[in-house]
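Please open the model in a viewer and keep the selection panel at hand. The tour below proceeds from the whole chain to its sheet, then to individual elements and residues.

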Amino acid sequence: MTRGTTGVNRLRRMDRWLAAQPALRRTADPLIVDLGYGAAHWTSLELLERLRRVRPEARVVGIEIDPERVRAAAPFAREGLSFRQGGFEIPLDGDARPAIIRAANVLRQYDEGEVAEAWARMQARLQPAGVLLEGTCSELGRVASWVALDPDGPRTLTLALHLGSVEHPSVVAERLPKALIHRNVPGEGVHDLLRELDTQWARHAPLATFSPRQRFIAAVRGLRDAGWPVRDGVARWRLGELTVDWSAVAPRP
Ligand SMILES: C[S@@+](CC[C@H](N)C(=O)[O-])C[C@H]1O[C@@H](n2cnc3c(N)ncnc32)[C@H](O)[C@@H]1O
């Protein structure tokens with residue numbers, strides 16, 4: 001049992017990313033699971049509201065392992081938002097399958113060796129084109145990172161930073177998903193990524209006079225030019241967000 005720490009608006013960057021995913025936009029059944037919603041229902045409600053801007057018929061089921069948290073959330077259920085007890089097996093009515101599972105700040109309390117099985121159990125519940133977002137963030141959501149998986153495996157790693165309040169991008173090292181947090185050591189891809197990102201950030205320090213956004217965009221462009229499999233473009237980078245292919249950061253055996 002944990003304290004179930006959560007906070008209003010802390011998962012906004014994850015939600016914005018999810019709202020843009022084909023898994024939400026194209027599914028015939030926009031059923032979303034918020035796994036481990038914590039001591040209050042806030043972030044489940046925010047998820048519903050944000051995804052409904054894209055898919056007005058979206059529904060969110062908040063699932064918690066702690067029955068007390070399910071009881072506490074129950075009075076806040078409404079059309080499109082319900083709460084139930086469960087875990088990585090993702091219990092849903094009938095043969096329903098989610099288009100999206102968001103598991104935010106859940107696996108941080110598990111051991112690294114437990115991640116693969118937890119991922120596999122959640123992946124097995126997804127719709128064929130579904131997405132599992134498994135990640136971590138700081139208390140206020142200013143530093144976040146997440147892995148995106150489809151039913152076949154991990155696909156990408158995203159780093160998300162509030163550029164006005166971070167000194168250098170590698171602060172995200174403390175908020176990496178459990179699969180990577182112990183891998184920020186020489187010889188691992190995520191270590192190389194953070195080192196290169198910091199190098200680029202330092203190289204483009206003069207741009208900070210214009211804005212930290214300009215500096216970050218230049219740093220990410222530098223990463224890409226150095227051969228890193230960076231996705232998306234400037235519109236994304238200016239938010240302080242960077243997505244790379246999982247293959248570049250996957251833990252080495
Ligand atoms: C730190 S809180 C995160 C709350 C919210 N997702 C957020 O990020 O603000 C983690 C929650 O995950 C729940 N949890 C842990 N393991 C779980 C599991 N296997 N299935 C469902 N919930 C779980 C805990 O009870 C706790 O309430």
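Among contacts in the protein chain between residues at least 6 apart in sequence, what percentage join residues at least 24 apart? The value is 63%, where two residues are in contact if their C-beta atoms, placed from the backbone, lie within 7 Å. The model is a predicted one, in which local features need pLDDT of at least 70 and side-chain atom pairs count only at pLDDT 80 or more, while totals for chains, interfaces and linings use all residues. For every selection, residues are numbered from 1 along each chain as its sequence is written.

**The whole chain**

Display the protein chain as a cartoon: 9 helices and 8 strands are present. Helices (H or I, at least four residues) and strands (E, at least two) are DSSP runs, numbered from the N terminus. The radius of gyration is 18 Å, close to the 18 Å of the globule rule for 253 residues, so the chain is as compact as a globular protein of that length. This radius is taken over C-alpha atoms, and the rule is 2.2 Å times the number of residues to the power 0.38. Along its principal axes, the C-alpha trace spans about 55 × 40 × 35 Å.

Colour next by burial. Of the 253 residues, 42% are buried. A residue is buried if 20 or more other C-beta atoms lie within 10 Å of its own, exposed if 12 or fewer, and partly exposed in between, with C-beta atoms placed from the backbone.

**The sheet**

Select the strands. The 8 strands form an open sheet with mixed pairing, in the order E3-E2-E1-E4-E5-E6-E7-E8; two strands pair if DSSP finds at least two bridges between them. At the edges stand E3 (81-85) and E8 (241-245), each pairing on one side only. From one strand to the next, the twist averages 20°.

Now add helix H5 (residues 115-123), which packs on the sheet and touches E4 (100-104), E5 (131-137) and E6 (143-150). The direction of H5 makes about 140° with that of E5; axes are lines fitted to C-alpha atoms, for helices over the stretch in contact, and angles run from 0 to 180 degrees between N-to-C directions.

**Strand E1 and helix H3**

Select strand E1 (residues 31-35), which runs parallel to E2 (residues 59-64) and is joined to it by 5 bridges. Asp34 stands opposite Gly62 in E2. Centre on Leu35, which also lies in E1. Leu35 is buried, with 26 other C-beta atoms within 10 Å. Beyond residues up to four places away in sequence, Leu35 touches Ile63, Ile101, Arg102, Ala103 and Val106.

Move to helix H3 (residues 42-52), whose buried residues include Thr43, Ser44, Leu45, Leu47, Leu48 and Leu51. The cover over the buried residues of H3 includes helix H1 (12-19), helix H2 (22-25), E1, E2, E3 and E4.

**Strands E5 to E8**

Select E5: 7 of its 7 residues are buried, so this strand is largely enclosed by the rest of the structure. Val131, Leu133, Gly135 and Cys137 point one way, and Leu132, Glu134 and Thr136 the other. E4 and E5 run parallel, joined by 5 bridges; Val131 is the bridge partner of Ile100.

Continue to E6 and E7, a hairpin with 2 residues between the strands. They run antiparallel, with 8 bridges, and Ala148 has Thr156 in E7 as its bridge partner. E7 and E8 also pair in the antiparallel sense, over 5 bridges, and Ala160 stands opposite Glu241 in E8.

Just past this pairing, select His162, placed in the loop between E7 (153-161) and H6. With 16 C-beta neighbours inside 10 Å, His162 counts as partly exposed. The C-alpha atoms of His162 and Arg142 are 4.9 Å apart, although the residues are 20 apart in sequence.

**The ligand**

Finally, select the ligand. Which residues are closest to the ligand? They are Gly4, Thr6, Gly36, Gly38 and Gly87, among 21 that surround the ligand; a residue is near a molecule if its C-beta atom, placed from the backbone, lies within 6 Å of it. The shell divides into 8 nonpolar, 9 polar and 4 charged residues. Ala, Val, Leu, Ile, Met, Phe, Trp, Tyr, Cys and Pro count as nonpolar, Asp, Glu, Lys and Arg as charged, and the others, Gly among them, as polar.
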